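Let's take a look at the charged pairs in this protein and where they sit.

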Amino acid sequence: MTTTIRVLIADDQMMVRQGFTVLLNAEPDMEVVGQAVDGADAIAQVAQLAPDVVLMDIRMPGVGGIEATRRLTEPADATVKVLVLTTFDLDEYVYEALRAGASGFLLKDASADELAHAVRVVAAGDALLAPNITKRLIGEFSRVTAAAPRGPLRARVGDLTERETEVLTLIAQGLSNAEIAARLVVAEQTVKTHVSRILFKLGLRDRTQAAVFAYESGLVRPSAS
């Protein structure tokens, strides 16, 4: 039996909300349960409708997407996943949204297949880190924090085993569990165990936060390209 993924769309543009609603409702395993006009509306509707995934626009009047994402994902018992929507692949705010707890981001001009795939990935508890755009964005905006003290963050890396540190580095490079398993020549379940331990030891919510941590701690350095 296929589990239906419940989706809430938060965007201040009605045409965007309606367009995504039509696309997602056409998928056999998805249902758009609500549409929010801004961040505050999204927070209220999440509490009422309990969606699995929120498609969150960043730039909205009032409570914006970043603050709404932070409020939705901050509680320890939060289960909703946030997929950030943006018009530009290097939107200056997307990095902050990832830090706030978003599980990934998607361009608004993504195809129907890309949109559906992104929702499924995030709903499954994974992070949408594979696209080159995401890796470039994380690398680019981690430069902003390059001058910040990294001692405390780097000390936390010391809590990881050598293999866990290796896995964290590969997560930051955008590799999936299957790709990491192939690279390290281990079982995919072994990788999943390492990822769980990494998140627990570092007190992180998901793979996206792990990738951001890897850059901010200096464990992984942004590509010069």
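## A pair along one helix

Glu 67 and Arg 70 are 3 residues apart in helix α3 (residues 65-73), so about one helical turn separates them. Helices here are DSSP runs of H or I with at least four residues, and strands are E runs of at least two, numbered from the N terminus. The two side chains form a salt bridge, with the closest N and O atoms 2.9 Å apart. That term means a side-chain nitrogen of Lys or Arg within 4 Å of a carboxyl oxygen of Asp or Glu.

Glu 67 is partly exposed at 31% relative accessible area, and Arg 70 is partly exposed at 30%. For the cut-offs, buried is under 20%, exposed is over 50% and partly exposed is in between (1.4 Å probe, protein chains only).

## What the model is

This is a predicted model, where local features need pLDDT of at least 70 and side-chain atom pairs count only at pLDDT 80 or more, while totals for chains, interfaces and linings use all residues. Residues are numbered from 1 along each chain as its sequence is written, and side-chain values use heavy atoms, leaving out hydrogens and water.

## A link between distant loops

The count comes to 8 salt bridges. One of them joins Asp 11 to Lys 108, at 2.9 Å between the closest N and O atoms. These partners sit 97 residues apart: Asp 11 in the loop between β1 (5-10) and α1 (14-25), Lys 108 in the loop between β5 (104-107) and α5 (112-123). Asp 11 is buried, at 0% relative accessible area, and Lys 108 also counts as buried, at 19%.
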